[in-house]
Amino acid sequence: MTRALTPGVVGYLDSLTARPGEEITARVSVLDGGGRYRASLVRLTSGETGPKGNGLKEELITLDPPAEHAGAEQPVELGSYAIVEDLPALGAIGMEILAWPTQPGRAPQALMSLGPVRLMLDTAGVPTIEVAGQALSTARPLRARAWYRIAARYDPTNGSALIHSTPLPGLHADPPITIEGHLKPGIVPSAPLLIAAARAPDGRSALHFDGKLEAPVLRSGGSVFHWYFARGIGSADIVGTRPGRTVNAPKRAVTGSTWDGSVHDWRQEPTQYAAIHFHSDDLYDARWRPSLRVRLPETLKSGNYALKLESSGPAFYLGFVVSPKPGASTAKLAVLASTVTYLAYANYRRRMAPGAFDLSMGALPTVDMTDILLARHPEFGSSTYDGSLADRLARGPRHRL
Amino acid sequence: VSAPKIDPTRLDLAREYRACPMGRHSPELQALLDIMRHPDHHQNLVLVSVAPGKWVLGQRQTNGAPPVLFEEEVFEHIEDGEWAAFKRRWQALTGQALVIP
């Protein structure tokens, strides 16, 4: 029973609204391993599924394409990072970055990585250079929410390596540490450069960093590459010696290591906002492959519709609004769909988080298959109103959300 | 702060709750419910909609995992689910099963 509680197929649409005659694109993931799903277009006339509601009411809209489709599970890559693909061949390298970790010790986290050569915080939050699995560390974990300059060097010709950490001026007195040693020689660092993550063997990003990073520098063969995060705020670009981009929308315009409290708006003094805040559970776009394109009938009335997906378990509805064709007045009343609110509450997880809900509400929390689906799939990301999963777990179950 | 235990002889309060699980309660029943709903005692219970008009009790997990479902009892009215949670919490707080003649 538990297994069938949640839908065997899920998905999302490219757009929240469409007009009659337009094509909508669905991206579908079949979770139950069955490899097939049915899709139909329905008009939703009632969505109130609470105990005193009218229940879900829908009308089937007949479509031409065959209703059964082949599909597969599509992965979600959770966690933000930056990537620079255009780099020359690399030899001996130096890497340097300013870091303000929020979760040192949560798990191994990559600050900068070039294939098998990685500047990391290890499982204990200790700055480490890792080369093909061998590690050289400073032996002193970073404090959370303090700025450090972290640097590393590695020479593939003889394996000589260095790891260094200096706290920036602040309210603690950790000393600078430099450790030199030897790691496995012959391991060649390779593009792309990932900032705040590393590449897993399967090609996905992994080892995501939680916290702020600023001013990454890469040195190789007499060349110096650097990036300046105060530029490109408001875009997905990172600006520097070589072009790069962010993935999964890390937070821009955050206070950097030089912020002195004199400004509270990045536009007044961007140089004080030269950091990017990365989160291991950021998700902007799951980038699933398009699975299904549906041409909406020209005669479709405006209203609430859904592409209804079915395999095992309950159906999954990809809701959207059909608005009238431009220029044609079709009704006396205009309805403005609350799409911003829908998005702010999408993937709302707090109903499932332990807390004193019924103390304040006077009744038990009620949850449904959507809540359980989200609990089974942390990789689907969180709503605007949820804290980060890592933060929630760090604070423990007694934290009042 | 350790919350006081509830009085297992106050079956009148249990009857009042059974008659009207949601809405305005007497001050004594409200005080009892406040103890039951305290994070030390609420057992992280939720009502889970398993089908239209069908509910079971569940227990939320502190590690983000899906809730454990108590599927032996399926409720067709949400008030019956609230009552089942009340009985579970009563038993945990008093050490006695709640039986109302």
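A salt bridge is a side-chain nitrogen of Lys or Arg within 4 Å of a carboxyl oxygen of Asp or Glu. Keep that in mind as you work through this predicted model, which holds 23 salt bridges over all chains.

**Exercise 1.** Find out why the pair A:Arg295 and A:Glu23 ties together parts that are far along the chain from each other in sequence.

*Solution.* Start with the distance: the closest N and O atoms of A:Arg295 and A:Glu23 are 3.9 Å apart, and the cut-off is 4 Å, so the pair counts as a salt bridge. Next, place the partners: A:Arg295 sits in strand 25 (residues 292–295) of chain A and A:Glu23 in strand 3 (residues 23–30) of chain A, so the bridge links parts 272 residues apart in sequence. Then check the surroundings: A:Arg295 is exposed at 52% relative accessible area, while A:Glu23 is partly exposed at 41%.

**Exercise 2.** Work out whether A:Glu96 is buried or exposed, and which strands its bridge to A:Arg219 connects.

*Solution.* First, the contact: A:Glu96 and A:Arg219 meet in a salt bridge at 3.5 Å, N to O. Strand 8 (residues 93–101) of chain A carries A:Glu96 and strand 19 (residues 211–220) of chain A carries A:Arg219, so parts 123 residues apart in sequence get tied together. Now the exposure: A:Glu96 has a relative accessible area of 18%, and buried means under 20%, so A:Glu96 is buried. A:Arg219, at 38%, is partly exposed.

**Exercise 3.** Describe where B:Arg10 and B:Glu28 lie in chain B.

*Solution.* Their closest N and O atoms are 3.0 Å apart, in a salt bridge. B:Arg10 lies in the segment before helix 1 (11–19) of chain B, and B:Glu28 in helix 2 (residues 27–36) of chain B.

Note on methods. Residues numbered from 1 in each chain as written. Chains lettered and ligands numbered in written order. Predicted model: local features only at pLDDT ≥ 70, side-chain atom pairs only at ≥ 80, totals over all residues. Heavy atoms only, no water. Helix = DSSP H or I, 4+ residues; strand = E, 2+ residues; numbered from the N terminus. Buried < 20%, exposed > 50% of the residue type's maximum accessible area, 1.4 Å probe, protein only.
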